[in-house]
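Please study the structure shown below together with the explanation that follows it. The paragraphs take up single residues, then the two ligands, and finally a helix and the cysteines.

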Amino acid sequence: MPTVLVTGGAGFIGSNFVRHLLTSDPAVSVINFDALTYAGNLANLTDLATHPRYTFIKGDITSRADVRSAMQRGVTDVINFAAESHVDRSIMDSGPFVRTNVLGTQVLLDAAREFNVKTYVQVSTDEVFGSLGPTGYFTEETPLHPNSPYSASKAGADLLVQAYQHTFGLPAVITRCSNNYGPYQFPEKIIPLFITNLLNNEPVPVYGDGQQVRDWIHVLDHCRGVEAAWRKGKSGEVYNFGGRCEMPNLALTKLLLRLLGKPESLIRYVADRPGHDRRYAIDCAKAERELGWSPQVSFDAGLRETIAWYQANAEWVSSIKTGAYRAYYQKQYGKL
Ligand code: NAD
Ligand code: TYD
């Protein structure tokens with residue numbers, strides 16, 4: 001029976017993945033290993049807190065002692081979601097990005113070797129490919145050309161994973177996914193930020209001309225892709241996942257305004273993000289062909305359901321916006 005160490009399982013995608021795996025496979029146990037940074041929130045997993053095949057360990061992937069002690073619990077596989085994940089924060093201070101994303105991955109890779117894991121999965125991002133012009137797609141063969149400190153740190157981690165696979169024969173796969181949306185996303189990313197602002201009739205900041213294009217995928221489609229890469233992926237391979245749903249930010253903003261019944265006067269054009277990537281778009285034919293995966297959730301249905309989730313979970317949102325969720329963890333776990 002696999003015991004999977006899911007790092008970053010208290011974050012947005014990690015928590016959706018933990019729930020997906022535990023509810024879809026009765027033969028899997030999950031150890032959620034998470035440092036509970038500002039982005040980690042155990043309220044994302046309250047429904048699973050007493051699940052018999054679920055364990056939470058508060059730990060930091062940059063700490064060899066923390067990681068080794070978790071691995072000693074019979075871990076058979078590692079799926080690494082833990083990361084600093086927000087581009088704007090990486091522009092303000094790249095330190096935590098290099099520390100967690102690069103050094104943390106190195107610590108996990110050493111532990112994966114030491115404990116002879118069956119498969120190591122590195123959850124990466126399409127942002128490592130850099131920016132596209134108006135046409136074309138990222139394939140698995142596209143050269144890495146990261147432009148932000150965030151994407152540079154993710155690319156560095158990917159290169160380490162490939163080096164460990166090549167040099168030491170570590171069984172490892174890398175997944176690279178486009179922009180996710182869905183429930184439990186921290187309201188600093190565009191979709192949850194805009195939904196939660198608009199629900200309060202607050203303005204939404206559109207960077208630059210709003211013509212930057214992102215390829216949106218529902219978080220559960222991403223989770224199914226990571227699971228397929230873990231189960232069926234070939235060691236040494238990269239698999240791209242995308243939603244086949246390209247949209248300029250301004251069009252996305254206007255769609256959100258329409259779905260929420262809010263006026264366009266709430267749009268604020270603000271200074272552009274430095275080094276802002278213009279367009280991302282993923283060719284996911286390899287994952288479709290080799291993993292039998294394809295995106296299932298339409299953007300229209302997924303976005304409506306996501307809006308409904310944020311409406312129904314006003315307490316989750318307000319505890320983040322007021323910072324109350326941090327105070328709770330400080331009490332529970334000491335200084336964070
Ligand atoms: P998130 O910021 O919501 O969650 C990150 C989680 O990692 C948090 O729970 C945090 O507490 C934990 N963490 C951070 N530093 C840690 C450390 N040193 N040790 C242990 N845990 C630590 O991020 P997300 O959006 O859920 O992204 C998860 C992964 O997916 C990341 O690796 C990210 O690069 C990748 N990814 C994200 C997207 C996206 O659209 N959000 C797209 C493609 C890939
Ligand atoms: P984001 O959600 O930060 O994801 P990423 O930078 O990883 O793609 O941003 C998505 C797009 O939305 C990106 O082009 C930047 C833009 N954006 C805004 O225009 N306003 C905002 O307030 C935010 C957070 C993002």
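**A guided reading of the model**

Asn201 counts as partly exposed, at 49% relative accessibility; on this scale, buried means under 20% relative accessible area, exposed means over 50%, and partly exposed lies in between, with a 1.4 Å probe and protein chains only. The model is a predicted one, in which local features need pLDDT of at least 70, side-chain atom pairs count only at pLDDT 80 or more, and totals for chains, interfaces and linings use all residues. Residues are numbered from 1 along each chain as its sequence is written, chains are lettered from A and ligands numbered from 1 in the order in which they are written, and side-chain values use heavy atoms, with hydrogens and water left out.

Asn201 is located in the loop between α6 and β8; such helices (H or I, at least four residues) and strands (E, at least two) are DSSP runs, numbered from the N terminus. The phi of Asn201 is positive, near 60°, although the residue is not a glycine. Most residues other than glycine have a negative phi. Arg244 also has a positive phi, near 50°, and is likewise a residue other than glycine. Its loop runs between β10 (238-241) and β11 (246-248). Arg244 is exposed, with a relative accessible area of 53%.

The elements that flank Asn201 appear again around ligand 2: α6 (190-199) and β8 (204-207) each supply at least two residues of the shell around this ligand. Which residues are the closest to ligand 2? Ligand 2 is surrounded by 18 residues, and the closest are Glu127, Pro205, Arg214, Arg273 and His276; a residue is near a molecule if one of its heavy atoms lies within 4 Å of it. By character, the shell divides into eight nonpolar, five polar and five charged residues. Here Ala, Val, Leu, Ile, Met, Phe, Trp, Tyr, Cys and Pro count as nonpolar, Asp, Glu, Lys and Arg as charged, and the others, Gly among them, as polar.

Individual atom pairs show how ligand 2 meets the protein. An N or O atom in the side chain of Glu127 is 2.5 Å from an oxygen atom of ligand 2, and the side chain of His276 has an N or O atom 2.7 Å from an oxygen atom of the ligand. Ile190 takes part through its backbone, where an N or O atom lies 3.0 Å from an oxygen atom of ligand 2. On its own, ligand 2 has 510 Å² of accessible area, and the protein covers 97% of this; the areas come from the Shrake-Rupley method with a 1.4 Å probe, and for residues only the protein chains shown count as cover.

Ligand 1 can be read in the same manner. There are 28 residues around ligand 1, and Ile13, Asp34, Ser85, Tyr150 and Lys154 are the closest. The shell is made up of 13 nonpolar, 12 polar and three charged residues. Backbone atoms approach this ligand as well: an oxygen atom of ligand 1 is 2.9 Å from a polar backbone atom of Gly11, and a backbone N or O atom of Ile13 lies 2.8 Å from an oxygen atom of ligand 1. For Val123, the distance from a polar backbone atom to an oxygen atom of ligand 1 is 3.5 Å. The protein covers 96% of the 830 Å² of accessible area that ligand 1 has on its own. Two or more residues of the shell come from each of α1 (12-24), β5 (119-125), α5 (149-168) and β7 (179-181). The most is given by β5, with three residues.

Away from the ligands, consider helix α11 (residues 314-322), in which Trp316, Val317, Ser319 and Ile320 are buried. Seen down the axis of α11, these residues fall within an arc of 165°, so they line one face of the helix; the arc is that of the directions from the helix axis to the C-beta atoms. Glu315 and Thr322 are exposed on the other side of α11. Gly323 follows α11 and has a positive phi, near 85°.

The cysteines complete the tour. How many disulfides are found in the whole structure? The search finds zero disulfides, a disulfide being a pair of cysteine sulfur atoms within 2.5 Å. For Cys177, the nearest cysteine sulfur is that of Cys284, 9.0 Å away. Cys177 is buried, with a relative accessible area of 3%. The sulfur of Cys245 is 12 Å from the closest cysteine sulfur, in Cys284, which is too far for a bond. Cys245 is also buried, at a relative accessible area of 13%.

Technical notes:
Polar contact = N/O pair within 3.5 Å; in protein donor to acceptor, adjacent residues only side chain to side chain.
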